[in-house]
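This report goes through a single protein chain, from its burial and helices to its loop and surface. The sequence and structure come first.

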Amino acid sequence: MIVLAIEGRHSVRVLRLGQSPLPDEKVFRPARYVYGHRARIKPLIFFLLVLFLCGLSVQGFFWASAMIDTLSPDVSRCLIVPVAQRYTLP
């Protein structure tokens, strides 16, 4: 969520303007401006990755729910049985 909050705003601006780096953005070394579809590729990949991870987390929620339903509710295996009762014949 933090990455989405930080990089998401930048990616939305790049998608809207179609320019990278942005006009008011400071860069470490001189960079050539990229315009149009080539500038929109990185933000598009970023949003597709975020969408994929959100979908994977929702799917994991349903997998975990199904796994919990299939587990045995028998808690007798978890109870501590005294040593004397373990070795007695029925």
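A residue counts as buried when its relative accessible area is under 20%, as exposed when that area is over 50%, and as partly exposed in between. With that cut-off, the buried residues of helix α1 are Gly-8, Ser-11 and Val-14. The model is a predicted one.

**Overall make-up**

The protein has three helices and two strands, and from the N terminus on these elements run α-β-β-α-α. Of its 90 residues, 11% count as buried. The exposed area is about 8500 Å², and carbon and sulfur atoms supply 69% of that area. Among contacts between residues at least 6 apart in sequence, 40% join residues at least 24 apart.

**The helices α1 and α2**

For both α1 and α2, the span expected from 1.5 Å a residue can be set against the distance between the end C-alpha atoms.

| Helix | Residues | Expected span | End C-alpha distance |
|---|---|---|---|
| α1 | 16 residues (2-17) | 22 Å | 23 Å |
| α2 | 34 residues | 50 Å | 48 Å |

The two values agree for α1, and they agree for α2. Helix α1 nevertheless has a kink of about 35 degrees, centred on Gly-8; Gly-8 is also one of the buried residues of this helix. The buried residues of α1 pack against β1 (19-20) and α2 (37-70).

In α2, the buried residues are Ala-39, Pro-43 and Phe-46. What covers them includes α1, β1 and β2 (34-35).

**From the end of α1 into β1**

Which residue follows α1, and what is the sign of its phi? The residue is Gly-18, with a positive phi near 70 degrees. Most residues other than glycine have a negative phi, and most peptide bonds are trans. The peptide bond from Ser-20 to Pro-21 is cis, with omega near -5 degrees. Pro-21 is found in the loop between β1 and β2.

Is Gln-19 buried or exposed? Gln-19 has its place in strand β1. Its relative accessible area is 14%, so Gln-19 is buried. Leaving aside neighbours within four places in sequence, Gln-19 is in contact with Val-14, Tyr-33, Val-34, Tyr-35 and Ala-39. Of these contacts, Val-14 is among the buried residues of α1 and Ala-39 is among the buried residues of α2.

**The salt bridge**

Side chains of opposite charge can pair when their charged atoms come close. The structure holds one salt bridge. In it, Asp-24 pairs with Arg-13, and the closest N and O atoms are 3.5 Å apart. The pair links distant parts of the chain, with Asp-24 in the loop between β1 and β2 and Arg-13 in helix α1, eleven residues apart. Asp-24 has a relative accessible area of 55% and is therefore exposed. Arg-13, at 37%, is partly exposed.

**A nonpolar patch on the surface**

Leu-49, Phe-52, Leu-53 and Leu-56 form a nonpolar patch on the surface. Together they have about 400 Å² of accessible area. One of them, Leu-56, lies in helix α2. With a relative accessible area of 40%, Leu-56 is partly exposed, whereas Phe-46 of α2 is buried.

Conventions: Residues are numbered from 1 along each chain as its sequence is written. This is a predicted model: local features need pLDDT of at least 70, side-chain atom pairs count only at pLDDT 80 or more; totals for chains, interfaces and linings use all residues. Side-chain values use heavy atoms; hydrogens and water are left out. Helices (H or I, at least four residues) and strands (E, at least two) are DSSP runs, numbered from the N terminus. The expected span of a helix is 1.5 Å times one less than its number of residues. The bend at a residue is the angle between axes fitted to the seven residues ending there and the seven starting there. Buried means under 20% relative accessible area, exposed over 50%, partly exposed in between (1.4 Å probe, protein chains only). Contact means heavy atoms within 4.5 Å. Accessible areas come from the Shrake-Rupley method with a 1.4 Å probe; for residues, only the protein chains shown count as cover. Patches are made of residues with over 30% relative accessible area and no salt bridge: like charges are joined within 9 Å, nonpolar side chains (Val, Leu, Ile, Met, Phe, Trp, Tyr) within 5 Å. A salt bridge is a side-chain nitrogen of Lys or Arg within 4 Å of a carboxyl oxygen of Asp or Glu.
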